[in-house]
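Visitor: I'd like to learn how to read a few features of a protein model. Can we go through one together?

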Amino acid sequence: SRGFLASVHVEPDRAAAYHPLGRLLGTQVTRWENLPSLTVVNPIRYAKPGAKTVLWGTDSASRRWIVLAQHRYGLGRVAVFPVRDSWRWQMHSTIAVEDLTHETFWRQMLRWLARSADGRVRVMASADPGVPGEPVEIRVQAFDETFAPLLDPNLEVSVITPLGDRESLPVSWSVGQEGPFRARLVPEDPGIYEVVATLRDGDPSVASARTLVRVDSEGTEFFGAELKRERLQRLAAETGGRYFGIHELDELAQSLPARAEGREVLTRLPLWNAPVWLLLLLTLVGTEWMLRRRWGMP
């Protein structure tokens, strides 16, 4: 059978400008829009939960394919790059001989993958991007010199706002867990927030870590909102349903059942919630008592 091939124009994800794998720095690097197309050999359109897409590729049919994605694996990291001809960024006729795009990309990729394990402090954000006014959970882990989790570390968490102001964030302990500790950031304005977690053992600090939280005025609600027809059709087939397109609305109305099947529902209510029956019961009891008194019955 014929294998999958797609010629795609590569562009970074919206957040890739702040990721080591998505940055091409320096004066001898070609801009993304001027790079030649690459060939994707594995059709990957959606990243697994927890993975982050760094580079996208758009083919001639305007379909988007993942060109580069990364994911944490244990204490390390992995990346997927389903492309067979990245050398085109070096050997293509439109690329100048002194251009360092290819070298810069692979150098940053290998350095990122081979980077040593995280230090004694690790900080992560729950949302990317965030939205002004919506809380972002900051998770922090701290370890001792043997990298055993610290139960009561002297942690300081602060945030540098897009305006350059530095604010402290209160840290709370996760009940029943040896970390992570949690802090809560509520951004007020869009922009890049730098969160810094510092482990102090007296003075000066002995370990620190930082992460960036991008806050978008629109968030992710308006991105990736295109119709995912193939996914909906597959979901309908697997659950015994049927997918209807916008031009099939008349068929949708005709396929609905004429009436829903009814069923009996037994509801128990306290007697005082039924005043008519309560009054009737009290009347019967009172009448019985009066008749017994008149007839001399015990």
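**Salt bridges first**

Guide: A search of the whole structure, which is a predicted model, turns up five salt bridges.

Visitor: What's the general idea behind them?

Guide: Side chains of opposite charge can pair when their charged atoms come close. Take Glu137 and Arg182 here: their closest N and O atoms are 2.5 Å apart.

Visitor: Which parts of the chain does the pair Glu137 and Arg182 tie together?

Guide: Glu137 sits in strand S7 (residues 136-142) and Arg182 in strand S11 (residues 181-185), so the bridge ties together parts that are 45 residues apart in sequence.

Visitor: Are Glu137 and Arg182 buried or exposed?

Guide: In between. Glu137 has 32% relative accessibility and counts as partly exposed; Arg182 is partly exposed too, at 25%.

Visitor: How far apart are the closest N and O atoms of Glu194 and Arg210?

Guide: They are 2.2 Å apart, in another salt bridge. This pair also links distant parts of the chain, with Glu194 in strand S12 (residues 191-200) and Arg210 in strand S13 (residues 205-215), 16 residues apart.

Visitor: And where do Glu288 and Arg292 lie?

Guide: Both are in helix H5 (residues 275-295), four residues apart, or about one turn of the helix. Their salt bridge has its closest N and O atoms 3.4 Å apart. Glu288 is partly exposed at 42% relative accessible area, and so is Arg292 at 33%.

Visitor: Which residues form a nonpolar patch on the surface?

Guide: Leu271, Trp272, Val276, Trp277, Leu280, Leu281, Leu284 and Val285, with about 900 Å² of accessible area together. Val285 is in helix H5 and is partly exposed, with 47% relative accessibility.

Visitor: Now sheets, please. How should I read one?

Guide: Strands of a sheet pair through backbone hydrogen bonds, either parallel or antiparallel. In this model, one open sheet has five strands in the order S2-S1-S3-S4-S5, with antiparallel pairing.

Visitor: Which strands stand at the edges?

Guide: S2 (38-40) and S5 (76-80). Each has a single partner strand, so one side of each is left without a neighbour in the sheet. From one strand to the next, the twist averages 35°.

Visitor: How many bridges join S1 to S3?

Guide: Four, between antiparallel strands S1 (residues 6-12) and S3 (residues 52-58). Val10 stands opposite Gly57 in S3.

Visitor: Which strands does helix H2 lie across?

Guide: Helix H2 (residues 101-114) lies across S3, S4 (64-73) and S5, and runs at about 145° to S5.

Note on methods: Residues numbered from 1 in each chain as written. Predicted model: local features only at pLDDT ≥ 70, side-chain atom pairs only at ≥ 80, totals over all residues. Heavy atoms only, no water. Salt bridge = Lys/Arg side-chain N within 4 Å of Asp/Glu carboxyl O. Helix = DSSP H or I, 4+ residues; strand = E, 2+ residues; numbered from the N terminus. Buried < 20%, exposed > 50% of the residue type's maximum accessible area, 1.4 Å probe, protein only. Patch = residues over 30% accessible without salt bridge, like charges linked within 9 Å, V, L, I, M, F, W, Y side chains within 5 Å. Areas by Shrake-Rupley, 256 points an atom, 1.4 Å probe, with all protein chains shown as cover. Pairing = 2+ DSSP bridges. Axes fitted to C-alpha atoms, helices over the stretch in contact; angles between N-to-C directions. Contact = heavy atoms within 4.5 Å.
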